[in-house]
Amino acid sequence: MYLVEVGNRSMLLECGLFQGRRDESLERNRDFPFDPATLDCVVLSHAHIDHCGNLPNLRKRGFTGNVYSTFATRDLASIMLADSAHIQEYDAKFVSKRRAKKGLPPVEPLYGLRDAEQVIRQFVAIDYDRPIPVMEGVTVTFRDAGHILGSAQVVLDVTEEGRSFRYLFSGDIGRGGDEILRDPQVVEGVDFLQIESTYGGRLHGKRGDSNETMAEAVCETIERGGKVIIPAFSVGRTQLVVYTLHQLTLEGRIPEVPIFVDSPLSVNATEVFRLHPECFNEGIYQFLQETANPFGMEHLTYIRQVKRSMELNEMKGAAIIISSSGMCEAGRIRHHLANHIGNANNLVLFVGYCAMNTLGSRIVAGDESVRIFGDPYKVRAQVKSIDSFSGHADRDELLAYFKALGGDIKKICVIHGEEEQSLSFAELLREERPGVDVIVPELGQKVTF
């Protein structure tokens, strides 16, 4: 969440939910360090919940302006925010019941379904490469970021006090060569840059190895008669995992076992993907036209109903269950972990990033016991992580993206990463462009351009 002030106007870049320690998350998400009613507009790069998830609360606290995004981002945000509201209401009710048994007061959700529905009415959708004035002195243009469906780099062309400059907010940058999406576009004429650094100090595994690693992990688990539990982000990662499993099945590299996508949000998001083939790269577009629905197989079942989800916990034999959220902080994945993480025959397979202090990060780190819904569970299942499925560019890919940018860049803010990753990437940029002012801002810091 970044507050941008130009003259006497102000806009917000992103309005995401902070994810981490529960108490800290609640405090940071509930209150804003500014008055939402004073904002002229919000500009949204993409629909992941850490970028758009607090928009309903922003509206609830007085924001009445437009939210600018791409068409696919609007469509995804409409289901993401409704799902977020539903999960918060459900979890608050679930946790409150448990707290009542211990004589503790109930908890309240951050916002409700009505708040989520109302903020979607404030969205204004724009296609890529179509400049639009959003407030006095600022024109926005979206460029494809190749991260998830509809994701964008945000180009701000600013005129202030007789001078003009171009400010680029990278959003989250994709790796390029994605199985589904197009490569990130190159932006020209950049004067100031705000760039993500999720993997600013790390390299991913080779992309070609990910399919082989997944095939081996799945086959080993199936031979044990176990279940593969895959925590996956509903938007982007779930669709990529389904497409990969489809390809591996067609190639005969994994057997046909029941596959379940158990997340109403994932089901709805997959429908949105089908509505936006204009975002696909040539390869998957050709697969769609000539081979099959890339997100559908005979032994694949999409589950919306709670009853069907609960039935999976009683199912015997091998299966693959894909469920959200990817960081295991919300949604049905926590119920599947509670029911399966104690069985050594099972595999918990991570295919994406887990922020520090999330349940997912603790499982990946090898904690012998984790707390789910407040209760301790022994981790006896196998745990693997495949980071080459990541939708984020790694260190070298981010650097290649940076080198391709046009313009005389004068100042850079390195953001959106754990401290170690951001500091590492900032140092790399200083080496690449000596003399350029490279900043890693702290929470609440003001930077003038």
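**Group meeting talk: strands, cores and one helix**

Hi everyone, let's begin inside a sheet, where V228 stands opposite L347 in strand β15. Before I go on, please keep in mind that this is a predicted model.

V228 and L347 bring us to two strands: β11, residues 227-231, and β15, residues 347-350, which pair in the parallel sense over two bridges. β15 has another partner too, since four bridges join it to strand β18, residues 382-385, and these two also run parallel. On that side, V348 stands opposite V383 in β18.

Now, which way do the side chains of β15 point? L347 and L349 point one way, while V348 and F350 point the other way. All four of those residues are buried. As a general reminder, side chains in a regular strand alternate between the two faces of the sheet.

L349 is a handy link to my next topic, the cores. It is in contact with M214, and so are V241, T244, L245, L248, V351, I386 and F389, leaving aside the neighbours of M214 within four places in sequence. M214 matters for this part of the talk: along with L55, L58 and I322, it touches the most other members of the largest nonpolar core, which has 70 residues. Helix α4, residues 71-101, gives this core its largest share, seven residues. Apart from that core lies another one, of 23 residues, with V4, M11, V43 and F165 among them.

Next, helix α8, residues 264-275. How far apart are its end C-alpha atoms? They are 17 Å apart, which agrees with the 16 Å that its 12 residues should span at 1.5 Å a residue. Within α8, the buried residues are L265, S266, V267, A269, T270, V272 and F273. And what covers them? The cover includes α4, which we met a moment ago, as well as α7 (237-250), β12 (259-262) and β13 (300-303).

Last stop: L13, which is found in strand β2, residues 9-13. Is L13 buried or exposed? With a relative accessible area of 0%, L13 falls under the 20% cut-off, so it counts as buried. Setting aside neighbours within four places in sequence, L13 is in contact with M1, Y2, V4, V43, V154, F169 and Q194. Two of these names, V4 and V43, you heard in the 23-residue core. If you would like a distance to look at on screen, try L13 and L312: they sit 299 residues apart along the chain, and their C-alpha atoms are separated by 40 Å.

That's my tour, thanks for listening!

Conventions:
Residues are numbered from 1 along each chain as its sequence is written. This is a predicted model: local features need pLDDT of at least 70, side-chain atom pairs count only at pLDDT 80 or more; totals for chains, interfaces and linings use all residues. Side-chain values use heavy atoms; hydrogens and water are left out. A nonpolar core is a set of buried Ala, Val, Leu, Ile, Met, Phe, Trp, Tyr and Cys residues joined through side-chain atoms within 4.5 Å. Buried means under 20% relative accessible area, exposed over 50%, partly exposed in between (1.4 Å probe, protein chains only). Contact means heavy atoms within 4.5 Å. Two strands pair if DSSP finds at least two bridges between them. The expected span of a helix is 1.5 Å times one less than its number of residues.
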